[in-house]
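Subject: Structure handover

Hello,

Here is the structure I said I would pass on. Please open it before you read the notes underneath.

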Amino acid sequence: MASQKRDIRAFFTSAQRPEALEAVEGVSRNSDNSVDELNDHLDEDHEVAVNLEMDSDMCVSDEEEGQPLLKRMNSLPPRKQRKKARAPPVFPKKWLSNPKYKEWLRYDVQHNTMWCDFCRSNKICGVWAEQGTQNFRKKTLLVHMASNDHARFALARNPAQSTVVKTREKMKKQEARSYKSALRTVYWISSEEIPNCKYPSLLQFQRKQGVKDIIQMNRGKNCKKESPESFHELLHSLSEVFQRKMLNHLNSSPFIGLGIDESTDRSQEKHIAAVVRYVDSNETKIKTSFLKLSVITSGTAPAIVEAVKKILGDFSIPVNKLTGLGIDGASVMASDMNGVLGLLQRENPFLIGIHCINHRLHLAVSKAAKDIKNVNTLSTILSTIYQHVNNSPNRLQKFKNLADVLGAINHDNAPEEGNENIAPSLKYLKFKRIFDIRWLSVGEAVKAVIHNYQPLLILLEEEAANDEPTSMGLLEKLSSYKYVALLHLLGDVVGATNHLCRIFQYRDISFSTLQSQVL
């Protein structure tokens, strides 16, 4: 049996198959010849490869052993079907953790195939999206990644790439944060009374400091929101918000007090300023707030009343809701006949006119000093000192140098543990100008002359030696005992009135507080 297997193996490995078939046919015609003769014939003519692996189908069973050899050879399968089956391909599972492939590469253990999640989720046609592939080669992955469909789907899945809607929403949120930062900047500039021209430089400073919202506010080289028009737009928007907030407070307040005053700017344009005092129902407190500044065509009582009604109408405040009107003592305001108070009382009989207490204090002091000749002369001396020193830069610088030298001398002569009234240095105090409409101007002017008396007297003596007329007249007045004593006396009196005037300017003041300050 074993020899027959070797014979068949040698037959199929012969390089010249036709000659072998002739030999086999010759052997079959002579049935008396044995298998050994066939082997001798094949060995003589051909070299036989005896190491070839045989399939199970080529083995001769017991049933086929008695059949002719040629019949058994013809029943064998073709050579291609006799090849040994290959092992199934093995998927490299390390690909699933590779950053390049882990987002889209998927592996089906049951069918031993890999497929693309991006392509399958978008339902495209192809092996990667449908049944998958067993071509487990790295080149296959690279070719698929370079395809147009996969690259497009991967770009859409990238977190850095958003849809148009999401991108627009993100831009809107960033724009809102940028405008909030710009509004805060505008509000700070307005509340601190900083000039509007400082707005661009302040934004530039915030960008250098790394304020992200201000940096993101730029929309290009020509759109930085730094122009004066942008500032006024933001300021107008901010004022509208405050007006709405103020409107809600005023509507909820049961009573409202109004204070008005007329003023003229540098361009000689007349304005009326309005301040309200109301009850905040949320905090149950009385609050004072600036209401509006309105331009008036003339300073007559009817024009002022018309402007006041327009301001009240902008905030939906009826005239009969007013309980008090704060005004100055001018007849156009305080007259109960044809003045502003009288015209408004015709519509609201319960309206009470209140003369400004600070204005009345100023009038009382000025009227009391008007009849004293020496006080009027001293007032003229104070105004002359201001003009004489401040209007000349050379004279002002000489005065400052004298103040510095005298301050250093006083500092050297001061005892280590001495009187607290002795200043360690004489600081220069700017001379003040006297204004008839400013209540604190007289007191500040007197204080400056008393503080700078020593260097001022030395300066006047040096200039008087050179026959300077103004210095000679001022030196004569300031060297006399009468005006020096009057200067200190007026300093004490006006100092008390100025202190009382500051107390009157408090927003929340009561009569009990005033009593302790006056007595």
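The notes below cover a sheet, two helices that lie across it and a patch on the surface.

Please keep in mind that this is a predicted model.

The sheet
Five strands make up an open sheet, and their order is β5-β4-β3-β6-β7. The pairing is mixed. Strands β5 and β7 stand at the edges, and each has a single partner strand, so one side of each has no neighbour in the sheet. From one strand to the next, the twist averages 25 degrees.

At the β7 end, β6 (residues 322–327) pairs with β7 in the parallel sense, over 4 bridges. To find the pairing on screen, start at Leu325: its bridge partner in β7 is Gly353. Strand β7 itself covers residues 352–355.

The helices
Helix α11, residues 228–252, lies across β3 (256–264), β4 (270–280) and β5. Its angle to β4 is about 55 degrees. Helix α14, residues 340–347, lies across β3, β6 and β7, and runs at about 175 degrees to β6. Strand β3 is thus named for both helices.

The surface patch
Which residues make the nonpolar surface patch of about 280 Å²? They are Val275, Phe290 and Leu293. Phe290 is found in β5, which spans residues 285–295. Is Phe290 buried or exposed? Phe290 has a relative accessible area of 51%, and exposed means over 50%, so Phe290 counts as exposed. The strand that holds Phe290 is β5, one of the two edge strands described above.

Regards

Definitions and conventions
Residues are numbered from 1 along each chain as its sequence is written. This is a predicted model: local features need pLDDT of at least 70, side-chain atom pairs count only at pLDDT 80 or more; totals for chains, interfaces and linings use all residues. Side-chain values use heavy atoms; hydrogens and water are left out. Patches are made of residues with over 30% relative accessible area and no salt bridge: like charges are joined within 9 Å, nonpolar side chains (Val, Leu, Ile, Met, Phe, Trp, Tyr) within 5 Å. Accessible areas come from the Shrake-Rupley method with a 1.4 Å probe; for residues, only the protein chains shown count as cover. A salt bridge is a side-chain nitrogen of Lys or Arg within 4 Å of a carboxyl oxygen of Asp or Glu. Buried means under 20% relative accessible area, exposed over 50%, partly exposed in between (1.4 Å probe, protein chains only). Two strands pair if DSSP finds at least two bridges between them. Axes are lines fitted to C-alpha atoms, for helices over the stretch in contact, and angles run from 0 to 180 degrees between N-to-C directions. Contact means heavy atoms within 4.5 Å.
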